[in-house]
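The exercises below are to be worked with the sequence and the coordinates at hand. Each task is followed by a solution that proceeds in steps.

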Amino acid sequence: KGAAVDEQLSRLIWLFLPFALCHALLSLAGPVYVALGRTDLMLRVGVALGTWLVIADLTALWLWNSPEALAAALSLAMLTAFPFAVGVPLRLAGSGLVEGLRGPLISVVCAAAMGGAVGGVRLALETSSVSWSVELAVVILTGVGAYAALSLLLKPRGAADLLFLIGAHRLGARLAPR
């Protein structure tokens with residue numbers, strides 16, 4: 001019975017993943033509304049998005065009445081509303097959808113790749129006889145190295161800022177001149 005519960009929870013997590021990712025990205029919109037003095041518009045967009053999500057929830061529960069249907073409906077509703085919900089503050093800030101989401105999506109890609117690299121190393125070390133402290137050090141170095149390498153590859157401006165922050169001014173200037 002425990003394995004069946006684990007499998008159902010795993011399915012739910014995967015079904016909620018698009019909703020969670022969109023929700024995390026939408027959390028960046030609030031400061032834009034506040035900075036531009038348009039909290040009235042933030043309220044309207046929030047009410048519209050919330051209403052759309054509630055309609056999707058109620059429809060899924062009425063038609064299918066299952067946790068999986070609810071999770072799928074929430075994710076699909078969020079994916080369909082996301083361009084509007086994030087597009088409004090991006091347009092207010094003078095940015096397009098693609099250019100406005102480029103930075104956060106690159107961070108998501110870097111984090112996902114880092115998680116995959118760390119998971120792979122942990123899996124490989126699981127059957128080895130190394131101590132937990134060595135395993136922890138290897139996993140940390142793998143995570144930091146994977147994230148740093150991808151950041152340098154995909155986001156040189158952010159990587160240059162990091163190099164400036166840690167005092168490597170010459171290397172940062174070579175990567176992305178100011």
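**Exercise 1.** Determine which backbone atoms the side chain of serine 75 reaches, and decide whether serine 75 is buried or exposed.

*Solution.* In this predicted model, begin with the backbone oxygen of leucine 15, which lies 2.4 Å from a polar atom of the serine 75 side chain. Next, take the backbone nitrogen of phenylalanine 19, which the side chain of serine 75 reaches at 3.3 Å. Then place the residue: serine 75 belongs to helix H4, which spans residues 67-92. Once neighbours within four places in sequence are left aside, the residues in contact with serine 75 are Leu15, Phe16, Leu17, Pro18 and Phe19. Finally, the relative accessible area of serine 75 is 4%, and because buried means under 20%, serine 75 counts as buried.

**Exercise 2.** Describe the largest pocket by its volume, its lining and the helices that supply that lining.

*Solution.* The volume of the largest pocket comes to about 260 Å³. Its lining consists of 14 residues, of which Tyr147, Ser151, Gly158, Ala159 and Leu162 are the closest to the centre of the pocket. Sorted by character, the lining holds 10 nonpolar residues, 3 polar ones and 1 charged one. As for origin, helix H5 (97-126), helix H6 (132-154) and helix H7 (156-165) each supply at least two lining residues, and the largest share, 5 residues, comes from H6.

**Exercise 3.** Find out how confident the prediction is for the chain, and which elements have the lowest and the highest mean pLDDT.

*Solution.* For the chain, the mean pLDDT is 88, and 98% of the residues reach 70 or more. Among the elements, H7 has the lowest mean, 74, whereas helix H3 (residues 39-63) has the highest, 95. As a general caution, predicted coordinates should not be read in detail where pLDDT is low.

**Exercise 4.** Classify valine 109 and asparagine 65 by accessibility, and add what can be said about the location of each.

*Solution.* Valine 109 is found in helix H5, and at 45% relative accessibility valine 109 counts as partly exposed. Its C-alpha is 9.4 Å from that of leucine 154, although the two residues are 45 residues apart in sequence. Asparagine 65, in turn, sits in the loop between H3 and H4. With a relative accessible area of 60%, asparagine 65 is exposed, since the cut-off for that class is over 50%. A last step concerns the backbone: asparagine 65 has a positive phi of about 50 degrees, although it is not a glycine.

Conventions:
Residues numbered from 1 in each chain as written. Predicted model: local features only at pLDDT ≥ 70, side-chain atom pairs only at ≥ 80, totals over all residues. Heavy atoms only, no water. 1 Å grid on protein atoms, 1.4 Å probe; cavity = no way out; pocket = protein on both sides within 12 Å on 5 of 7 lines; lining within 4 Å. Points joined across faces, edges and corners; volume = space filled by probe spheres on them. Helix = DSSP H or I, 4+ residues; strand = E, 2+ residues; numbered from the N terminus. Nonpolar A, V, L, I, M, F, W, Y, C, P; charged D, E, K, R; others polar. Buried < 20%, exposed > 50% of the residue type's maximum accessible area, 1.4 Å probe, protein only. Polar contact = N/O pair within 3.5 Å; in protein donor to acceptor, adjacent residues only side chain to side chain. Contact = heavy atoms within 4.5 Å. pLDDT = per-residue confidence, 0-100.
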